[in-house]
Every structure is written in structure tokens, then in C-alpha cells.
Amino acid sequence: MKIAIAKDGNIVSQHFGHCEGFEVFEVNNGAIEGRSFLPNPGHRPGFLPKFIAENGIKVIIAGGMGATAQELFKENGVDVVVGAQGNLDNVINDYVGGKLETVGNGCSH
């Protein structure tokens, strides 16, 4: 399964649409088997949920994301986790370990 984290540097971006890109983790049976970087092609309303889904990603993790974007991800078969913060490695390990949950949406627009 592919899991993407919206990132700026080595930390979770607090607004997925304006992040530098997405760290994409390949996870099988709870083990991280690989990772790659997917550059953000640009923020356009409604575009990123489809773009992420077309890249085979099943989960998007971000610090903040508006309600409309969250709904569009769900319509494209991508689970959304918001409210994440900190180092990418810690966040993916928490997610894989079942310790990361959605907390609010962190974005009011």
C-alpha cells in the first residue's frame, strides 16, 4: 500500500496543497519497504485528490486540509489523516504502528 505525507523539508506540511511535495512510502504487512518523493504539481482546486489517487496512493497524511479537499480525497478512494506534525519518519512509524489519528482539520479555507 502507498501512503503519502505532505512535506516541507523533513517535516509534515501544515497545508497539503502548498507543500513542496509528498513523501510516498510503500508499506506491506506493517513494514516500510521503500520510499520516494512525488513533487507537488501545483495547487489547483480539486486537482490534487485525483492526482494522488492516480499515483496509486491509498492514504494521505497532512497537518491541515480543508473539508472540501478531504471529501474529494474520500471520493477518489484515498483515506485522509490530518492534524499530523513533526518529522516524517516519526509520523509514518506512528501511522504504521496504529498510533496516528486524525485531529481536527487544521485548515479553515
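pLDDT is the predictor's confidence in each residue, on a scale from 0 to 100. The structure shown is a predicted model; the protein averages a pLDDT of 91, and 94% of the residues score at least 70. Confidence is highest in strand β1, at a mean of 98, and lowest in helix α2 (residues 67-75), at 94.

Two lysines of β1 are described here. Strand β1 spans residues 2-8 and includes lysine 7; lysine 2 is found in β1 as well.

Lysine 7 has a relative accessibility of 9% and therefore counts as buried, the cut-off being under 20%. Leaving aside neighbours within four places in sequence, lysine 7 is in contact with Ser13, Phe37 and Leu88, and also with Cys19, Glu20, Gly21, Phe22 and Glu23.

Lysine 2, at 27% relative accessibility, counts as partly exposed, because this class lies between the limits of 20% and 50%. Residues up to four places away in sequence not counted, lysine 2 touches Val24, Phe25 and Glu26, together with Asn55, Gly56, Ile57, Lys58 and Val59. The C-alpha atom of lysine 2 is separated by 11 Å from that of aspartate 79, which lies 77 residues apart from lysine 2 along the chain.

The side chains of both lysines have a polar contact with a backbone oxygen, as listed below.

| Side chain | Backbone oxygen | Distance |
|---|---|---|
| lysine 7 | glycine 9 | 3.2 Å |
| lysine 2 | asparagine 55 | 3.2 Å |

Asparagine 55, the partner of lysine 2 in the table, is also among the residues that lysine 2 touches.

Note on methods. Residues are numbered from 1 along each chain as its sequence is written. This is a predicted model: local features need pLDDT of at least 70, side-chain atom pairs count only at pLDDT 80 or more; totals for chains, interfaces and linings use all residues. Side-chain values use heavy atoms; hydrogens and water are left out. Helices (H or I, at least four residues) and strands (E, at least two) are DSSP runs, numbered from the N terminus. Buried means under 20% relative accessible area, exposed over 50%, partly exposed in between (1.4 Å probe, protein chains only). A polar contact is a pair of N or O atoms within 3.5 Å; within protein, one must be able to donate a hydrogen and the other to accept it, and residues adjacent in sequence count only if both atoms are side-chain atoms. Contact means heavy atoms within 4.5 Å.
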